[in-house]
Amino acid sequence: MTTTPQSEFAALLARSGLPVFPCEVNSKLPAIKNFPGRATTDEKQVAVWWNGKPKNVAVSTGHLGDGGILTVVDVDVKDGKKGDATLFQLEAEGFEFPPTFEVRTPSNGRHLYYHAPIALRQGVNTLGEGIDTRCIGGYVLAPGSVIDGRKYEVVNKLHIALAPDWLVQRL
């Protein structure tokens, strides 16, 4: 089967235990139905879904391959949102975000990936203005994805860190 940069990222993420699924080109819209139930770490299924096509890559948040729960903290700065300022304020108050696997979004926001012991609340502005969270039933676009010519790129290639206790308690 033919590969693309997107399919190579999807296979790498799947191999790392992150359940992936395809999204439409230049879009955040899933390219399959029932993505939470069909997202996979199976590289053969990844090859079938992408098969030489430049579809965007999504990571289904919630279940990790090792039985843990994946939560992504989405620090949003587009359209005047102040996710970076909120993150700075939280850290100034003693609520630290441990270094973890991190992705820069096309709008210069950030996705911080955490391994949680239980399912956490997801939604918009869950940790303050401009900081959203994704967990069971949600998803984020992943490295290899492109929106309007701008890429999602890995910033920190670290292992996914454990979610800090304060984050688990708050969510």
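In what order do the three strands of the open sheet stand, and is their pairing parallel or antiparallel? In this predicted model, the order is S1-S2-S8 and the pairing is antiparallel. Strand S1 (20–23) and strand S8 (139–141) occupy the edges, and each has a single partner strand, so one side of each is left without a neighbour in the sheet. On average, and with direction ignored, neighbouring strands of this sheet are turned by 35 degrees against each other.

The pairing of S1 with S2 is antiparallel and extends over four bridges. Within this pair, Val 20 is placed opposite Val 59 of S2. The side chains of S1 alternate in direction: Val 20 and Pro 22 point one way, Phe 21 and Cys 23 point the other way, and all are buried. On the S8 side, strand S2 (residues 56–60) is joined to S8 by three bridges, and the two strands run antiparallel. Here Ala 58 has Leu 141 of S8 as its bridge partner.

Two helices pack against the sheet. Helix H3 touches S1 and S2, and the direction of H3 makes about 5 degrees with that of S1. Helix H1 also lies across S1 and S2, where H1 runs at about 15 degrees to S2.

The relation between the two helices themselves was then examined. Two packed helices are described by the angle between their axes and the distance between the axes. For H1 (residues 5–15) and H3 (residues 43–50), the axes come within 9 Å and cross at roughly 160 degrees. Because angles over 145 degrees count as roughly antiparallel, H1 and H3 are roughly antiparallel to each other. Their crossing is right-handed. The contact is formed by Gln 6, Ser 7, Ala 10, Ala 11, Ala 14 and Arg 15 of H1, which meet Glu 43, Val 46 and Trp 50 of H3. Classified by residue type, the contact of H1 with H3 comprises five nonpolar, two polar and two charged residues.

A further strand pairing involves S4 and S7. Strand S4 (residues 69–75) is connected to S7 by four bridges, with the two strands running antiparallel. In this pairing, Asp 74 stands opposite Asp 132 of S7. Along strand S7 (residues 131–134), Ile 131 and Thr 133 point one way, whereas Asp 132 and Arg 134 point the other way, and all are buried. Asp 132 is thus described both by its position opposite Asp 74 and by its burial in S7.

Key. Residues are numbered from 1 along each chain as its sequence is written. This is a predicted model: local features need pLDDT of at least 70, side-chain atom pairs count only at pLDDT 80 or more; totals for chains, interfaces and linings use all residues. Side-chain values use heavy atoms; hydrogens and water are left out. Axes are lines fitted to C-alpha atoms, for helices over the stretch in contact, and angles run from 0 to 180 degrees between N-to-C directions. Angles under 35 degrees count as roughly parallel, over 145 as roughly antiparallel, 65 to 115 as roughly perpendicular and the rest as oblique. A crossing is left-handed if the near helix is turned anticlockwise from the far one by less than a right angle, and right-handed if clockwise. Contact means heavy atoms within 4.5 Å. Ala, Val, Leu, Ile, Met, Phe, Trp, Tyr, Cys and Pro count as nonpolar, Asp, Glu, Lys and Arg as charged, and the others, Gly among them, as polar. Two strands pair if DSSP finds at least two bridges between them. Buried means under 20% relative accessible area, exposed over 50%, partly exposed in between (1.4 Å probe, protein chains only).
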